[in-house]
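Welcome, and please open your viewer. We will go from stop to stop, selecting a few elements at a time.

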Amino acid sequence: MASSMRSLFTDRSRYVESFRRFLSNSTEHQCMQEFMDETLPGIIARIGGTKSEMKILSIGGGAGEIDLQILSKVQAQYPGIHINNEVVEPSAEQIIKYKELVAKTSNLENIKFAWYKETSCEYQSRMMERKELQKWDFIHMIQMLYYVKDIPATLKFFHSLLASNAIILIIVVSGTSGWDKLWKKYASRLPRDDLCQYVTSSDITRMLDDLGIKYHCYDLLSTMDISDCFIDGNENGDLLLDFLTETCNFSTTAPPALKAEIMKDIQEPEFSVKKEGKTFFNNNLSFIVVEA
């Protein structure tokens with residue numbers, strides 16, 4: 001590996017921008033919206049019962065866009081119910097954006113928000129210091145298990161926090177996605193960072209099986225338009241390549257042979273589909289619903 005290659009996570013601002021480009025060029029949030037609209041209401045209907053309050057824990061809630069969609073579904077299922085929504089998020093910038101989103105969103109009167117600037121591991125340590133653990137009706141972990149060092153221990157801990165009839169919703173890239181194939185083939189040749197693990201739903205479901213935890217897994221189709229990646233010097237394409245490879249300035253720092261190999265591979269049918277002159281990377285998502 002060339003010494004000039006470094007992890008995308010070493011440059012916070014470039015990571016944030018590349019992630020923003022990923023969202024704007026992919027159907028990631030549309031895919032999540034589809035799940036929230038079509039599948040989540042039926043799942044939520046099983047957890048509330050006759051409760052007067054719903055306790056929801058968001059692990060890695062980010063800027064809150066998906067969190068507020070989830071909360072709206074809970075409100076629709078249980079009109080007037082009081083919701084205690086706690087958010088664990090390590091990024092101060094994301095928490096600020098989340099609070100700004102809440103401030104300009106209507107119909108949140110019955111929801112009490114609390115934010116904690118910490119990682120899931122730090123939250124776990126803080127909770128373990130208590131004599132009695134808080135139980136939750138709904139815990140969600142959206143695209144965040146990549147940033148956990150000990151995933152089985154994390155799954156086991158949060159599963160122990162579930163109240164009766166409660167669930168955990170985990171969203172990760174699918175084992176059928178292009179990510180799975182890209183990571184398996186190139187992980188050893190790209191700069192690694194302790195902050196991030198290459199895991200897909202195949203890994204998570206295997207861990208849950210080993211722990212003897214019940215779950216259901218739903219796979220939904222999602223794509224990312226990577227057409228700009230094949231235009232030399234295209235800023236959008238370069239940022240998308242950085243996100244794909246988790247490498248800062250991949251286009252200019254990767255060894256030519258590695259770059260050529262990856263650029264060829266991500267156009268192949270096992271990674272992408274071509275439609276109307278564009279190339280769409282397989283960004284399929286898995287929605288894993290874990291039972292108490």
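A word on confidence before the first selection: pLDDT is the predictor's confidence in each residue, on a scale from 0 to 100. You are looking at a predicted model, so colouring by this score is a good way to begin. The chain averages a pLDDT of 93, and 98% of the residues score at least 70. Where is confidence lowest, and where is it highest? The low end is helix α1, residues 12–25, with a mean of 91, while β7 holds the high end at 98.

**Stop 1: α1 and α10**

Keep α1 selected and add helix α10, residues 235–245. The two helices pack with their axes 8 Å apart, at an angle of about 105°. Angles of 65 to 115 degrees count as roughly perpendicular, so that is how α1 stands to α10. Now show side chains. From α1, the contact draws on R14, Y15, E17, S18, F19, R21, F22 and N25; from α10 come E235, N236, D238, L239, L240, D242 and F243. Colour these residues by type and you will find six nonpolar, three polar and six charged.

**Stop 2: α2 and α4**

Next, select helix α2 (residues 28–38) together with helix α4 (residues 65–77). Here the packing angle is about 15°, and the axes lie 10 Å apart. Because angles under 35 degrees count as roughly parallel, α2 is roughly parallel to α4. Look along the pair and you can follow α2 as it passes α4 in a right-handed crossing. To see what touches, pick H29, M32, Q33, M36 and D37 in α2, then I66, Q69, I70 and K73 in α4. This contact divides into four nonpolar, three polar and two charged residues.

**Stop 3: the sheet**

Now for some strands: select β7 (223–225) and β8 (272–275), along with β9 (residues 278–282). In which order do the three strands lie? They form an open sheet in the order β7-β9-β8, with antiparallel pairing. Both β7 and β8 are edge strands with a single partner, so each has one side without a neighbour in the sheet. On average, neighbouring strands are turned by 30° against each other, direction ignored.

Zoom in on β8 and β9, which pair in the antiparallel sense over four bridges. Find V273 and look across: F280 in β9 stands opposite.

**Last stop: α8 on the sheet**

Finally, add helix α8, residues 178–186. This helix lies across β7 and β9, and α8 runs at about 75° to β9.

How values were computed. Residues numbered from 1 in each chain as written. Predicted model: local features only at pLDDT ≥ 70, side-chain atom pairs only at ≥ 80, totals over all residues. Heavy atoms only, no water. Axes fitted to C-alpha atoms, helices over the stretch in contact; angles between N-to-C directions. Parallel < 35°, antiparallel > 145°, perpendicular 65-115°, else oblique. Left-handed = near helix turned anticlockwise from the far one by under 90°. Contact = heavy atoms within 4.5 Å. Nonpolar A, V, L, I, M, F, W, Y, C, P; charged D, E, K, R; others polar. Pairing = 2+ DSSP bridges.
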